[in-house]
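Reader: I should like a close look at a single part of this structure, followed by an account of how that part sits within the rest of the chain. Please keep the answer in one connected piece.

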Amino acid sequence: MRLVLAIIQSVDAEPLLSDLAAIGASATQIEGDTSVSSAGLAALVVGVNDDQVSDVLALVRARARGRARRIEPLRALGGQAEFWIPGP
């Protein structure tokens, strides 16, 4: 038994989950939070038998295509807020 973890675009998740179900692979979709979800990424965790690993990887490569887009980096919290540290 193997565990395959695929980080893919969120728009590719549903078609890939359908294809994985068609070959009998169990898959779970994990939606990210903060910068991951704003980037539109999802993680698929797929449990398969050893002989199905190549089939699952082929499906991921076929369904999950690359895209190019610009993502703004996260700003540091120190620049957005003032901090008060109480003294003794």
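Author: In this predicted model, arginine 63 is the place to begin. Its relative accessibility is 38%, so arginine 63 counts as partly exposed, because that class covers values between the 20% limit for buried residues and the 50% limit for exposed ones. The side chain of arginine 63 forms a salt bridge with that of aspartate 19, with an N to O distance of 2.6 Å. Arginine 63 belongs to helix α3 and aspartate 19 to helix α1, which spans residues 13–22; the two partners are 44 residues apart, and the pair thus links distant parts of the chain. In general terms, side chains of opposite charge can pair when their charged atoms come close.

How many salt bridges does a search of the whole structure find? The search returns two. Besides the pair already described, aspartate 50 forms a salt bridge with arginine 2, and here the closest N and O atoms are 3.0 Å apart. Aspartate 50 sits in the loop between β3 (41–48) and α3 (53–63), whereas arginine 2 is in strand β1 (residues 2–9), so this pair ties together parts separated by 48 residues in sequence. With a relative accessibility of 46%, aspartate 50 also counts as partly exposed.

The elements joined by these pairs can be placed in the overall fold. The protein has three helices and three strands, arranged along the sequence in the pattern β-α-β-α-β-α. Among contacts with a separation of 6 or more, 70% are between residues 24 or more positions apart.

Helices α1 and α3 also take part in the nonpolar interior. The largest nonpolar core contains 14 residues, and those with the most contacts inside it are Leu16, Leu20, Leu44, Val46 and Val56. At least two residues of this core come from each of β1, α1, β3 and α3. Helix α1 provides the largest share, four residues. Leucine 44, one of the residues with the most contacts inside the core, touches Leu16, Leu17 and Leu20, among others, when residues up to four places away in sequence are not counted. Its further contacts include Val4, Leu5, Ala6 and Ile8.

Two values describe the chain as a whole. Buried residues account for 24% of the 88 residues. The protein exposes about 6600 Å², of which carbon and sulfur atoms supply 56%.

Methods
Residues numbered from 1 in each chain as written. Predicted model: local features only at pLDDT ≥ 70, side-chain atom pairs only at ≥ 80, totals over all residues. Heavy atoms only, no water. Buried < 20%, exposed > 50% of the residue type's maximum accessible area, 1.4 Å probe, protein only. Contact = heavy atoms within 4.5 Å. Areas by Shrake-Rupley, 256 points an atom, 1.4 Å probe, with all protein chains shown as cover. Salt bridge = Lys/Arg side-chain N within 4 Å of Asp/Glu carboxyl O. Core = buried A, V, L, I, M, F, W, Y, C linked by side-chain atoms within 4.5 Å.
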